[in-house]
Amino acid sequence: MSNERPFKIVIAGEKRVGKSSLVHRFVYEQFPLKGLYSTVGFDFTLKTLTLEDDSTIVVHIFDFGGEPRFRNIFPQYAADCDGLLLAFDPSRKETFNLLHEWIKVYGRESESVNFIVSTKSDLGVSIDPLKINEFRNKYNIKEYFQTSAVTGENTDEVFKKMALAIQNISQKKSS
Ligand SMILES: Nc1nc2c(ncn2[C@@H]2O[C@H](COP(=O)(O)OP(=O)(O)O)[C@@H](O)[C@H]2O)c(=O)[nH]1
Ligand SMILES: [Mg+2]
């Protein structure tokens, strides 16, 4: 069995927090050694996930560039997404604080599955978990993961969990 339409997952956050590397690691199972071009506007990728019972889920990942000048068009572009993935880099604390801005322009967090991820866990820097909990409660964020595109920590788990959560909701809606 497979989902009838791909689930749309949007990944947002400041420039250079590691969004494209996270997606690349998940989709191609490797860290982009040569470096990625900086994302201008957005990129998108499709991936088919195979679950334990051999059913599949197709996800469509939209990687938003993160340039402030594009933030205004973000709501249009994310209008029909099923999942929102907010990413920040704990070695640049302001990238966490700026997620408030992202979610404010987004404005439909009650209609999507929302996760927050910190990137670059291999660098060994973290952010106060209380702050993250506060953010999650305020904005209806379902899960938090620490990830690294270098080691692969949680890079599959994030997308799998999100796809399953979306599937759960869409099955409830259609039954
Ligand atoms: N140490 C480390 N560096 C990373 C990781 N992910 C991305 N980077 C680096 O962070 C920079 C920005 O990454 P990129 O994926 O282009 O960020 P984006 O602008 O959010 O898409 C690049 O120099 C990457 O090599 C990670 O998990 N660990
Ligand atoms: Mg990018």
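**The sheet.** Begin by selecting the strands of this predicted model. Six strands form an open sheet with mixed pairing, in the order β2-β3-β1-β4-β5-β6. Its edges are β2 (42–50) and β6 (143–146), each of which pairs on one side only. From one strand to the next, the twist averages 25°. In general, the strands of a sheet pair through backbone hydrogen bonds, in either the parallel or the antiparallel sense.

**Strand β4.** Next, select residues 83–88, which make up β4. Six of the six residues of β4 are buried, so this strand is largely enclosed by the rest of the structure. Colour the side chains by the direction in which they point: Gly83, Leu85 and Ala87 go one way, while Leu84, Leu86 and Phe88 go the other way.

**The neighbours of β4.** Add β1 (7–12) to the selection. The pairing of β1 with β4 is parallel and extends over four bridges. Within it, Ile9 stands opposite Gly83, and Val10 has Leu84 as its bridge partner. Now add β5 (113–118). β5 also pairs with β4 in the parallel sense, over six bridges. Here the bridge partner of Gly83 is Val113.

**Helices on the sheet.** Display α5 (99–106).

Return to the pair formed by β1 and β4, which is parallel over four bridges. Helix α5 packs on the sheet and touches both of these strands, its direction making about 160° with that of β4. Then select residues 129–139, helix α6, which lies across β5 and β6 and runs at about 165° to β5.

**The nonpolar core.** Which residues have the most contacts inside the largest nonpolar core? They are Ile9, Val10, Ile11, Leu85, Leu86 and Met162, in a core of 38 residues. The elements that each supply at least two residues of this core include the strand β3 (56–64) and the helices α1 (19–28) and α7 (155–174). Centre the view on Val10 to examine one of these positions. Leaving aside residues up to four places away in sequence, Val10 touches Phe62, Phe64, Ala78, Cys81, Leu84 and Leu85. Leu84 is thus listed among the contacts of Val10 and is also its bridge partner in β4.

**Ligand 1.** Finally, select ligand 1 and the residues around it. How many residues surround ligand 1? There are 18, and the closest are Gly18, Lys19, Ser20, Ser21 and Lys120. By character, the shell divides into five nonpolar, eight polar and five charged residues.

Technical notes. Residues numbered from 1 in each chain as written. Chains lettered and ligands numbered in written order. Predicted model: local features only at pLDDT ≥ 70, side-chain atom pairs only at ≥ 80, totals over all residues. Near = placed C-beta within 6 Å. Nonpolar A, V, L, I, M, F, W, Y, C, P; charged D, E, K, R; others polar. Core = buried A, V, L, I, M, F, W, Y, C linked by C-beta atoms within 7 Å. Buried ≥ 20, exposed ≤ 12 C-beta atoms within 10 Å, placed from the backbone. Contact = placed C-beta atoms within 7 Å. Pairing = 2+ DSSP bridges. Axes fitted to C-alpha atoms, helices over the stretch in contact; angles between N-to-C directions.
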